[in-house]
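Here are a few exercises to work through with the structure open beside you. Try each task before you read its solution.

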Amino acid sequence: AQRVSFGTSGHRGSALTGVGALLATVGLQIGQARAQTYSASEGDLKILNVALGLEHEAIAAYQAGAESKLLEKPILEVAVLFQSQHKQHRDALAATIQRAGGKPGDPKKMADYGWPKLATQQDVLMFAAKLEAGAAAAYLGALRSIDNKDYLTAAASIMGNETQHLALLRQAMKENPVPVAF
């Protein structure tokens with residue numbers, strides 16, 4: 001089996017650690033965006049840029065998964081679909097930030113994400129599910145901090161799509177797609 005490198009670590013525990021660190025960082029960034037500003041619109045723009053960073057990462061992760069040669073055709077098709085939806089999220093967030101007078105953040109280089117090494121389709125699915133779970137949690141956190149109702153509606157809509165992705169990824173891994181009611 002071909003081994004694709006999403007970073008420097010080679011086991012699943014590191015993937016969990018990385019996603020945990022991502023969630024902690026995003027939560028901190030959202031809190032800092034609100035705490036460091038005096039105007040609600042500035043805080044909202046910073047939060048939208050954090051969300052934009054999540055979308056950049058998801059796009060890059062699905063690209064890496066698609067190029068890995070580890071995914072069977074039906075799973076690859078779903079990964080490409082999810083990536084296209086993340087591109088729509090990215091475009092909507094970037095346009096919103098620009099319309100509000102802000103500057104959208106640029107994506108990182110793929111090598112700068114520090115992803116774990118993945119050797120099987122199951123590894124790729126598990127990693128994608130963890131990213132989607134992290135993104136959904138980050139959007140949920142953002143909902144408590146965003147003041148502008150239009151931005152709030154957009155973030156809630158994107159969060160819903162992230163949870164749809166997560167449910168389908170869990171199903172592809174033969175897990176319960178919706179394991180809890182809350």
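**Exercise 1.** Which members of the largest nonpolar core touch the most other members, and which helix gives the most to this core?

*Solution.* Keep in mind that this is a predicted model. Start with the core itself: it has 21 residues, and Tyr62, Trp115, Phe127 and Leu169 touch the most other members. Next, look at the helices: α2 (40-67), α3, α4 (121-143) and α5 (149-172) each bring at least two residues to it. The top giver is α4, with six residues. Finally, don't miss the second core, which is separate, has 15 residues and includes Leu45, Ala51, Ala142 and Ala155.

**Exercise 2.** Work out what span helix α3 should have, and check it against the distance between its end C-alpha atoms.

*Solution.* First, note that α3 runs over residues 73-99, which makes 27 residues. The expected span is 1.5 Å times one less than the number of residues, so α3 should span 39 Å. Now check the ends: their C-alpha atoms are 39 Å apart, so the two values agree. While you're there, find some of the buried residues of α3, among them Ile75, Phe82, His86 and Leu93. Just past the helix, Gly101 has a positive phi of about 90°.

**Exercise 3.** Is Pro179 buried, partly exposed or exposed?

*Solution.* Find Pro179 in the segment after α5. Buried means under 20% relative accessible area and exposed means over 50%. Pro179 has 44% relative accessibility, so it counts as partly exposed. One last step: Ala167 is 12 residues from Pro179 in sequence, and their C-alpha atoms are 9.1 Å apart in space.

Key: Residues numbered from 1 in each chain as written. Predicted model: local features only at pLDDT ≥ 70, side-chain atom pairs only at ≥ 80, totals over all residues. Heavy atoms only, no water. Helix = DSSP H or I, 4+ residues; strand = E, 2+ residues; numbered from the N terminus. Buried < 20%, exposed > 50% of the residue type's maximum accessible area, 1.4 Å probe, protein only. Core = buried A, V, L, I, M, F, W, Y, C linked by side-chain atoms within 4.5 Å.
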